[in-house]
Amino acid sequence: MIYKLIKKAFSVSISQAIEIGILILNDDYFFNVKRKRPEELFGSALEYFNNETLSSYAESKSIMRTQRKITMRALEILELKENHCVILDAGCGPGFVAMYLDELGHKIITLDIIADFLKFYDIKDLNPILADMCYPPFQPSIFDAIISISALQWIYKDSTLVKMGLDLISLFKSFYTILKPKGKAIFQFYPKNKAIMDAIGDIIAKNTNFHGNFVIDNPNNPKKRKIYLILKKE
Ligand SMILES: C[S@@+](CC[C@H](N)C(=O)[O-])C[C@H]1O[C@@H](n2cnc3c(N)ncnc32)[C@H](O)[C@@H]1O
């Protein structure tokens, strides 16, 4: 079942028709999450992930399991045609997603803005690169896929801030360029509200030739809800 969210090729697909009704009628209900997320409380990931939070994140078995589970679902949505793809893990943190993709046989390049994450475990084989994912330092057309799990909400959390809009434009334009033809990108993230999703869809439609849509799992259960953005290069 598809709900057209944005012009061009953008849509939200969710599993049950009744949930689409709720989505259209009541956006507040849809996004009514009481607990504030870290990106709402801290200016940037660099501020939030200080020594203590970084270690407790990187050492958490339950976060590791969750990141792997989300990645499994992202791979289902991505529908990669082979098992040996060249994949960028954008916002890799300590490497939970990347280690899993590596186990599956893909060739991984990991990228994060926090140096201590890249050093927490020995992930030299996963080609760690310290960089801002809005300005990725790669040649054109080198990745079959880009996977970004639980990172995009740090980059775009307020659709009224010009700087965030410019960073996001750069991110999507760069991702379009560094993907091979027919390459795909998938983001799982935690947008604060529907305005953010609308603005993201608009930015993509206006600045790139990506086709894509949002996929929302468990839309009516804020604790279990997961939002994915899948983008395909022409
Ligand atoms: C919640 S963690 C997710 C980590 C990862 N998916 C994993 O497997 O554990 C979000 C990550 O996004 C990274 N991040 C946030 N903003 C970024 C940016 N502009 N460029 C690169 N990484 C960024 C943070 O440093 C953090 O490691």
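Let me begin with helix α6, residues 61–78, in what is a predicted model: its 18 residues, at 1.5 Å a residue, should span 26 Å, and because the end C-alpha atoms lie 25 Å apart, the helix agrees with that expectation. The residues of α6 that count as buried are Q67, I70, T71, A74 and L78, and since they cover an arc of only 105° around the axis, they sit on the same side of the helix. As a reminder, an α-helix has 3.6 residues a turn, so residues three or four places apart point the same way. On the other side of α6 we find K61, S62, R65, K69, M72 and E76, which are exposed. Just after the helix comes E79, with a positive phi near 50°.

What, then, covers the buried residues of α6? The elements that do so include α7, β6, β7 and β9, and I would like to take the three strands together.

Strand β7, residues 179–189, is mostly covered, with eight of its eleven residues buried. It pairs with strand β6, residues 143–149, in the parallel sense over six bridges, and within that pairing S148 has F187 of β7 as its bridge partner. With strand β9, residues 226–232, β7 pairs in the antiparallel sense, again over six bridges, and here the bridge partner of I186 is I230, in β9.

Turning to the ligand, there are 21 residues around it, of which A45, G91, G93, F96 and A151 come nearest. Helix α7, residues 96–103, which is also among the elements covering the buried residues of α6, supplies at least two residues of the shell around the ligand, as does α9, residues 152–155. As for the character of that shell, its residues divide into 15 nonpolar, four polar and two charged.

Let me close with one residue of α9, namely I155. Is I155 buried or exposed? It counts as buried, because it has 22 C-beta neighbours inside 10 Å, where the cut-off for a buried residue is 20 or more. Setting aside the neighbours within four places in sequence, the contacts of I155 are with C134, D167, L168 and L171. If you would like a distance to check on the structure, the C-alpha atoms of I155 and G165 are 9.1 Å apart in space, for two residues that are ten apart in sequence.

Methods: Residues numbered from 1 in each chain as written. Predicted model: local features only at pLDDT ≥ 70, side-chain atom pairs only at ≥ 80, totals over all residues. Buried ≥ 20, exposed ≤ 12 C-beta atoms within 10 Å, placed from the backbone. Helix = DSSP H or I, 4+ residues; strand = E, 2+ residues; numbered from the N terminus. Pairing = 2+ DSSP bridges. Near = placed C-beta within 6 Å. Nonpolar A, V, L, I, M, F, W, Y, C, P; charged D, E, K, R; others polar. Contact = placed C-beta atoms within 7 Å. Expected span 1.5 Å × (residues − 1). Arc of directions from axis to C-beta.
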